[in-house]
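The following paragraphs examine the charged pairs and the cysteines of a protein chain. The sequence and the structure are shown first.

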Amino acid sequence: MIVDRRRLLGAIGIGGSGLLLAGCDRLNRSASFQSLLDQGEKLTMRAQRIVTRRDALAPEFTGADLSPIFRANGTRMPSSPAYAAHAANRFADWRVRVDGLVQRPQSFSLAEIGQMPIRTQITRHDCVEGWSAIGKWHGVPLKLLLDQAGLRDGTRYIVFHCADDYGPVRYYESIDLIDAFHPQTILAWGLNDRLLPVQNGAPLRLRVERQLGYKHAKYVERIEAVSTLAGINGGKGGYWEDGSNYEWYAGA
């Protein structure tokens with residue numbers, strides 16, 4: 001179970017005293033205390049990697065378990081005119097680039113992706129806002145795209161750049177190579193036997209099934225292989241990680 005550290009600190013303050021709550025607020029703003037929390041998160045991730053099989057699968061369900069409605073998380077409709085034009089054209093000209101630390105940069109059309117082997121999986125989406133839904137996803141294993149591009153030595157992370165604007169930046173997320181090559185990690189183009197709806201991330205969204213919903217980047221238009229997250233916006237690996245101190249590793 002992932003416990004948001006801000007909520008945990010708030011709960012401690014409520015259970016103790018106003019002074020403690022104020023102290024926690026000051027600690028949250030302390031660079032040294034934030035560094036301590038970050039180190040604790042990395043230790044938790046390393047410990048989980050030790051006790052959990054690296055190829056362990058997230059639970060999969062049957063068609064009888066599908067949620068009547070699969071809610072949308074995050075952006076429902078990107079605001080850019082370019083995205084609106086793609087949507088009006090049914091994404092016929094949409095391409096996703098694979099670049100960065102790769103031997104052969106690639107640019108895939110949806111038609112090309114549609115010709116690749118399909119993985120279908122029925123899994124549960126757990127949102128950090130507290131809701132869950134079970135959906136049937138169709139897509140291409142991310143591994144196939146990365147193999148075609150050929151990762152170069154030194155690659156440690158895969159960064160997903162998206163078409164939805166969040167203020168001055170576009171949404172972005174990242175995962176490590178363990179999750180990137182996990183058999184359930186796919187670029188999904190379909191949901192519940194239909195093409196992916198706009199509110200759920202059309203035309204392509206990441207499904208990284210053992211992590212919380214904010215890691216499942218929607219509207220993916222570029223996939224970048226990098227050796228470090230330091231140069232990606234705030235350096236913590238994702239929009240919510242940089243802006244709201246969400247955990248970078250949101251695995252279960």
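**Salt bridges and cysteines**

Arg-97 has a relative accessible area of 41% and is therefore partly exposed. The model in which this residue is described is a predicted one. Arg-97 forms a salt bridge with Asp-99, and the closest N and O atoms of the two residues are 3.3 Å apart. Asp-99, in contrast to its partner, is buried, its relative accessibility being 14%. The cut-off explains the assignment, because a residue counts as buried when its relative accessible area is under 20%.

The pair formed by Arg-97 and Asp-99 does not stand alone. A network of salt bridges links Arg-97 and Asp-99 with Arg-222 and Glu-224.

Another salt bridge joins the side chains of Arg-170 and Glu-221, with an N to O distance of 2.8 Å. Arg-170 belongs to strand β6, which covers residues 169–176, and Glu-221 belongs to strand β10, which covers residues 220–226; the pair therefore ties together parts that are 51 residues apart in sequence. Both partners have intermediate accessibility: Arg-170 is partly exposed at 34%, and Glu-221 is likewise partly exposed, with a relative accessible area of 25%.

What do Arg-119 and Glu-60 form through their side chains? The two side chains meet in a salt bridge, at 3.0 Å from N to O. Arg-119 lies in strand β3 (residues 119–126), whereas Glu-60 lies in the loop between α3 (31–51) and α4 (81–88), so this salt bridge ties together parts that are 59 residues apart in sequence. Here, too, each partner is partly exposed: the relative accessible area is 23% for Arg-119, and the relative accessibility is 37% for Glu-60.

These pairs are to be read against the total for the model. How many salt bridges does a search of the whole structure find? The search finds 13 salt bridges.

The cysteines remain to be considered. A disulfide is a covalent bond between the sulfur atoms of two cysteines. The count of disulfides in this model comes to 0. The criterion applied is a pair of cysteine sulfur atoms within 2.5 Å. Are Cys-127 and Cys-162 buried or exposed? Cys-127 is buried, with a relative accessible area of 11%, and Cys-162 also counts as buried, at 1% relative accessibility.

Terms used
Residues are numbered from 1 along each chain as its sequence is written. This is a predicted model: local features need pLDDT of at least 70, side-chain atom pairs count only at pLDDT 80 or more; totals for chains, interfaces and linings use all residues. Side-chain values use heavy atoms; hydrogens and water are left out. Buried means under 20% relative accessible area, exposed over 50%, partly exposed in between (1.4 Å probe, protein chains only). A salt bridge is a side-chain nitrogen of Lys or Arg within 4 Å of a carboxyl oxygen of Asp or Glu. Helices (H or I, at least four residues) and strands (E, at least two) are DSSP runs, numbered from the N terminus.
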